[in-house]
Amino acid sequence: MASAFKPTYPQLAERPKGKQIHNIYRERLRMFTGQGQYKKQNLMSKLYDARMSGSPNIELHVWSAPKLSRPTFDEATKKGNEYRKAKKGDSFGPSWSTHWFKVQFTVPEDWSYNGQLEFHWESGCEAMVWSEDGKPLQGLSPNNRTEWILPSECREAGEENTIYIEMACNQMFGNPTGGDTIQPLDPHRYFSVREADIVSVNLDVRALYYDFWIVGDAAHSWEEHQALQICTQIMDKFIAEDGSDACIKDCREIAKRYLGDKIDSADVYKSDKMPLVQGIGNCHIDTCWLWPWAETKRKVVRSWSNQCDLLDRYPEHRFVASQAQQFKWLEMNYPYAFDRVKKHIKEGSFQTVGGSWVEHDTNLPGGESLVRQFVYGQRYFESRFGQRCRTFWLPDTFGYSTQLPQLCRLADMNRFFTQKLSWNNINNFPHTTFNWVSLDGSQVICHMAPAETYTAMANFGDVTRSVTQHKSMDQDATSLLPFGFGDGGGGPTSEQLEKLRRCRGMSDQIGERMPRVQMGGTVEDFFDRLEKKAATGETEFVTWYGELYFELHRGTYTSQAANKRNNRKAEILLHDIEYLATLATIGGDKKYKYPKKDLDEMWENVLLCQFHDCLPGSAIEMCYDDSDELYAKVFKTGNRLLEDAMEALGFDDGSRGSLPKAVNTLGWERKGLLHMPTSTEPKRYGFIDGGINVSNVPKDIAASVEQVDSDVFVLKNKDLEVKVEGGAITSLYDVKAKRETVPKGSKTNQLVIYDDKPLYWQAWDVEVYHLESRKELKATSEAKITEAGPERVAVSTTTQISDKSWITTTVSLAASVDSNQPSQVDVDAEVEWHETMKFLKVEFPTTITNTEASYETQYGIVRRPTHYNTTWDMAKFEVCCHRWADLSEHGYGMSILNDSKYGFATAGKTMRLSLLRAPKAPDAHADMKRHHIRWAILPHAGPLDERTVRAGFNFNYPLRTASHPNPAKLDKLLSAFKLTSDSSPSLIVDTVKRGEDDEDASNGDMPAKKGRHVILRMYDSLGGLSRGTISMGGVKVGKAWKCNLLEDELEEMSIGDEGLEVELRAFEVATFKLRLE
């Protein structure tokens, strides 16, 4: 028997062998693929087998679009456009200009058998490849997507081919000054064509580059010992064999020892091992931000065309896109690209998510606006693609209001995805996957990507962070990894898809040390599994009740004040039009038709302006030029529609001698003074005591004003006594309650200004330290009486803020006319504002003690701390409110009403309303203009109740005046769809409109439904079980249903003699559909 060889341990050492110095060897890795001094010797020198540029193989000619226009393909290529000769190195501009290149190229004879041929374009700005016959093929972006793969028909040797390049003179993030992304735009940027070449690509080298990237990433982690040796062996092999084709293949085999042998196809995902991380392609395109809407339209076609190409080439790829507005733009402007997208949606690889018109802000829009975001979004997706979205997708919005879970459920969605709270700059949000619960108890399953980004680069670290930063591992360890270039568009790249294949191969090869990533599933697959676990009781997910407050970007409640004012005024105008137009179709002129098309256009424009960088005030100046133009169109159309509806109801301008009447579009009777339009002074007032009749003001109703000392005035009515000194209020005495509401030695209605320099994000942020720079503003002129009564009295004061800015405030008090409604002190302010990085506020110190203050939010109330006990409490030093904020103790309270302001704070006993900011980036001229601002102080005996809620509505919804020759004819009609007097006062009928698909009003997007319907939306405003009856006011109704926001019928309801009886749980939002007879 032959003896087995038995190695012996040598007695003598052959040579010295040192320990591998890992940090040096790790540093060496970048030399192999870097673009530094070794790029001509390293792997990248082998990437291209051949390259050609310039004549005779490539000819460039360019036509520059006039001014800053963005012509279509047909406009750019029409006869008569002079295309001049161009070459690499030529520069084009200025910022936002467009230049169309005609590229004619011929593949040489000796290239026809090369593997992959690509056209490379690099101009430092965005571009689009078009076919000769006008099809948009692919977007090009600096640094991340500069290649277009030549299709087979363009590879015929000796045949001339023609494509067009649409060059847009803007980077992915616009044209900022000085290279800092958020700085105001530089209008004089020029871009050079640095590359316009055809190259032959060595695909083995490119694959090895991806291999080395991922193994190299692992070498910088806990895997360094094994991964570093693999990388070292690859480099040593490459050096030893001088980077030959054969050695490249050998190097790949070395890499596959660590990555597995399936990484070159989608087969790598076919193992039966349980993945923890689900990759999903995502392309967050800000509908406007550092670029205008017109550029967004091009970003959409560039980005989504790229994804259609990748979906064709990578079977595992799944891509999601939200924002119905962007789909509509694509449909209108790029039908070829839209058809490509629609094909992939049908195949299931391109998924619609979000269900909203845009990825909107959720703090500032009114409740009905949030509803319409879903209504218009879901209807668009259903009408174009045959399916609604199931997941609300909002990764980049600046906080999430408390009623969103309820509205999501009512819009046919029960899951929610975001990640923005990972940006919190004070506290770390404690959950990844959880049940988010709204004010009424409705819940959605929420998942926040633990990679803490919606634009992951699909690196080794993104995959590992999906586990290491996961905060809900004890309940469910899985997560979504949204990857792809975003904000400025782009989406996933082939490079990212290749990297994820290698990450998966690595985890299958080395085991649980690397989280297993899976591709090929959808967002719905991910949430379906979570939902099943919750439904079956397998997992009881943790809960988070109430708002998801974002501890950053608090300045967005105030920035771009005019834009916010336009939003609220447009919401009010739409509310009034829909209400009056609905009545007009029931009891008005028979020829009148509900203006659905115009209303849809108005709503779509308003919803567009609620995008999460537009309405919050964090976009460039061009965006506000755009939104101002849209709002002007909304108001022009709206005023016409309002006039048409009023005319259909019989109202006129009074020229025929008819008497003026008050038109109340709110759901309760209103009583009080009515300012009558007049071109003469003094102001003239009428009196309304419910109904529509306007009478003379009763003589026993009066307010008075008296100057009692130098620059000291006292305003009185039977409820309040107000002392005004130097424009501020030093005493606000409640006569009936016998209570002083201003602390001794303090001043309410005191203007204050702060230094406002956040750490970075100027338009977005206000930091807690700004509170330490408080400075009181003192009047610089003596006050004067500007209205002497008896209906209303007023005192005006001017304060010079600086040599460029001033504010004139008018404190007024109306005669008390309603025993059921407490009197309020109104303040009107005119501000000329030209400051730099300052924050203007008005303070209201009170004598009220409570650890919580109440703030109106959409369809409800949010209660927030007035103290700084914990960092969670302190983080809410600036919060969002809608029409009012309230601080109450047992038996008494103070409400501050506002018109079109949203920023607020309550610290201890002091309330503060935020008025104006002065950031200089990204809009250098933000808010630099004249502003008109209104607020009111409403002291009230007793708790916060319907008096404050209704006062907030009344303050924002003015009574409209018009004349009518036969008002008795309207009495019953105008009482329709209002709550009866015995209904709970907490109930609010918020919206009255026609059915979306009524046969006489449908816009045709969805099949029309027989009959005519009225839609009523109402809610409980105070947080308790509420019952009431909605009067039909003589309108004949055949059937009634409770329905969801999309007007799907949920349950039939009966209508009694008094009307429709309803019962709502605390803070419930309910929608009812009435079929007219």
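Here a trainee and a mentor chat about a sheet and some salt bridges in a predicted model.

Trainee: Let's start with the open sheet of nine strands. Which strands are at its edges?

Mentor: Read along the order, which goes E34-E35-E36-E37-E46-E43-E42-E39-E40 with antiparallel pairing. An edge strand here pairs on one side only. That leaves strand E34 (784-788) and strand E40 (860-865).

Trainee: By how many degrees are neighbouring strands of this sheet turned against each other on average?

Mentor: Strands of a sheet pair through backbone hydrogen bonds, either parallel or antiparallel. In this sheet the pairing is antiparallel. Ignoring direction, the average turn between neighbours is 20°.

Trainee: Zooming in on strand E39, which residue in E42 does Tyr-855 stand opposite?

Mentor: Strand E39 covers residues 852-857 and strand E42 covers residues 884-889. The two run antiparallel and are joined by two bridges. Opposite Tyr-855 you'll find Ala-885.

Trainee: And which helix lies across strand E43 and strand E46?

Mentor: Strand E43 spans 892-899, and strand E46 spans 929-941. The helix crossing them runs at about 100° to E43 and takes in residues 561-587. It's helix H14.

Trainee: Now for charges. How far apart in sequence are the parts that Glu-604 and Lys-328 tie together?

Mentor: Side chains of opposite charge can pair when their charged atoms come close. Glu-604 and Lys-328 form a salt bridge, with their closest N and O atoms 2.8 Å apart. Glu-604 sits in helix H15 (residues 596-609) and Lys-328 in helix H7 (residues 324-333), so the parts they tie together are separated in sequence by 276 residues.

Trainee: Is Glu-604 buried or exposed?

Mentor: The cut-off for buried is under 20% relative accessible area. Glu-604 comes in at 15%, so the word for Glu-604 is buried.
That is the call for one partner of the pair with Lys-328, and the value asked about is 15%, buried.

Trainee: What about Arg-372 and Glu-368: by about how many helical turns are they separated?

Mentor: They form a salt bridge, the closest N and O atoms being 2.6 Å apart. Arg-372 is buried at 1% relative accessible area, and Glu-368 is buried too, at 9%. Both belong to helix H9 (residues 367-385), and because they are four residues apart there, the separation is about one helical turn.

Trainee: Last one: how many salt bridges are there in the whole structure?

Mentor: Some are linked into a network, whose members include Arg-70, Glu-126 and Arg-302. Another pair is Lys-757 with Asp-755, their closest N and O atoms 2.6 Å apart. Searching the whole structure gives 89.

Methods
Residues are numbered from 1 along each chain as its sequence is written. This is a predicted model: local features need pLDDT of at least 70, side-chain atom pairs count only at pLDDT 80 or more; totals for chains, interfaces and linings use all residues. Side-chain values use heavy atoms; hydrogens and water are left out. Two strands pair if DSSP finds at least two bridges between them. Axes are lines fitted to C-alpha atoms, for helices over the stretch in contact, and angles run from 0 to 180 degrees between N-to-C directions. Contact means heavy atoms within 4.5 Å. A salt bridge is a side-chain nitrogen of Lys or Arg within 4 Å of a carboxyl oxygen of Asp or Glu. Buried means under 20% relative accessible area, exposed over 50%, partly exposed in between (1.4 Å probe, protein chains only).
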